[in-house]
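Here is a short tour to read with the model open beside you. Take it at your own pace and look up each residue as it comes along.

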Amino acid sequence: MTLTTSGNTVVNAEQLYEASRRVIALTVEDLWPGSSAVLGPQCPSASRPTALLLASSGWQLLANDRVLARPTGTRGVEVVPWPSAAAVGLGLLEFLGWGAAARGHVVEGAAFHPTQHEAVTTALLVGDFTPLWEDGKWRERKVQVFPNQFTSLFGVELATGGRAAALLFPRVDSESSPDVVGGAVRALGDDDFMSGATEDRYPDIFELAGGVGGGGLRSAREEVSARLAVLPHRTVRLSHDVPASVAALRKVAEAI
């Protein structure tokens, strides 16, 4: 699908979707003027499975990739979802018990996010959940799930907002047992916010940002970082053992 604006600008469906997300961010900036920041994981390969593992065990899903955050009160940080399709590997989808629902969705002629590679759709149609890799790259092709599809297909309850209570830093180690890990925990850095090089993936298609980066003002990011720094920080080790990983996540989350 393409959209023509002003008679000479052509925007494809993917650009339109990303632009709509920026409009939402700008709307939040209107509601939270000068105080909002976009916070995202530095290591999505571990943080996204963490969110989905918790969601599969009964927790509400706020976001899979990044959130909009702002200081609230004297010490708090309020977060709301950043609307984004979630990239879920075929193997993880099956391990979570969602494979049959995803296959049924495409068999009935319905679709996931349009950026999903056709090879993934074909695999779903035949019920093959073997991980798919891009040619010559160590990068997996994944199912692209719209946020609302987590509820309609997989029965996951979505959260509309919350308060930050702690920072959880997951890492995947296939050779070790899942558990809470002691020792030093890293602090937040610029790479944890949607700014700089990270922001290059979300161009301002319709030039609506007025010079404000997608990650919000630097002052807002610094204030959010300072408030998050005093919250509990925990590191959790995950593996390919899904039940054990879920148990480790519940252990650390429920202890906070």
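The report below goes from the whole chain to its salt bridges, then to a helix, a strand and a surface patch.

**The chain as a whole**

Please keep in mind that this is a predicted model. The protein chain has 256 residues, and 41% of them count as buried. Its secondary structure comprises 8 helices and 13 strands. Among contacts with a separation of 6 or more, 74% are between residues 24 or more positions apart. On the outside, the protein chain exposes about 13,500 Å², and 53% of that area is supplied by carbon and sulfur atoms.

**Salt bridges**

The count of salt bridges comes to 5. The table gives three of the pairs, with the distance from N to O.

| Basic residue | Acidic residue | Distance, N to O |
|---|---|---|
| K251 | D179 | 3.4 Å |
| R227 | E223 | 2.7 Å |
| R250 | E254 | 2.8 Å |

Let us begin with K251 and D179, whose side chains meet in a salt bridge. This pair links distant parts of the chain: K251 sits in helix α8 (residues 242-255), D179 belongs to strand β12 (residues 179-181), and the two are 72 residues apart. How accessible are the two partners? K251 counts as exposed because its relative accessibility is 51%, a value that passes the cut-off of over 50%. D179, at 30% relative accessibility, is partly exposed.

Helix α8 also holds R250 and E254, which lie 4 residues apart, so about one helical turn separates them. R250 is partly exposed, with a relative accessible area of 29%.

R227 and E223 sit in helix α7 (residues 218-229); they are 4 residues apart, so the separation is again about one helical turn. Is R227 buried or exposed? At 13% relative accessibility, R227 counts as buried, because buried means under 20% relative accessible area. Its partner E223 is partly exposed, at 33%.

**Helix α6 and strand β9**

Now turn to helix α6, which covers residues 147-154. Which of its residues are buried? They are Q149, F150 and F154. Looking down the axis of α6, you would find these buried residues within an arc of 110°, so they line one face of the helix. After α6 comes G155, with a positive phi near 70°.

Q149 also appears among the contacts of Q144, a residue of strand β9 (residues 143-145). Q144 counts as buried because its relative accessibility is 16%, which falls under the 20% cut-off. What does Q144 touch? Leaving aside residues up to four places away in sequence, Q144 is in contact with A86, A87, F112, H113, T115, Q116 and Q149.

**A nonpolar patch on the surface**

Finally, have a look at the outside of the model. V107, L125 and V126 make a nonpolar surface patch of about 260 Å². One of these residues, V126, lies in helix α5, which spans residues 118-126. V126 is exposed, as its relative accessible area is 59%. That value satisfies the patch rule, because patches are made of residues with over 30% relative accessible area and no salt bridge.

Methods: Residues numbered from 1 in each chain as written. Predicted model: local features only at pLDDT ≥ 70, side-chain atom pairs only at ≥ 80, totals over all residues. Heavy atoms only, no water. Patch = residues over 30% accessible without salt bridge, like charges linked within 9 Å, V, L, I, M, F, W, Y side chains within 5 Å. Areas by Shrake-Rupley, 256 points an atom, 1.4 Å probe, with all protein chains shown as cover. Salt bridge = Lys/Arg side-chain N within 4 Å of Asp/Glu carboxyl O. Buried < 20%, exposed > 50% of the residue type's maximum accessible area, 1.4 Å probe, protein only. Arc of directions from axis to C-beta. Contact = heavy atoms within 4.5 Å.
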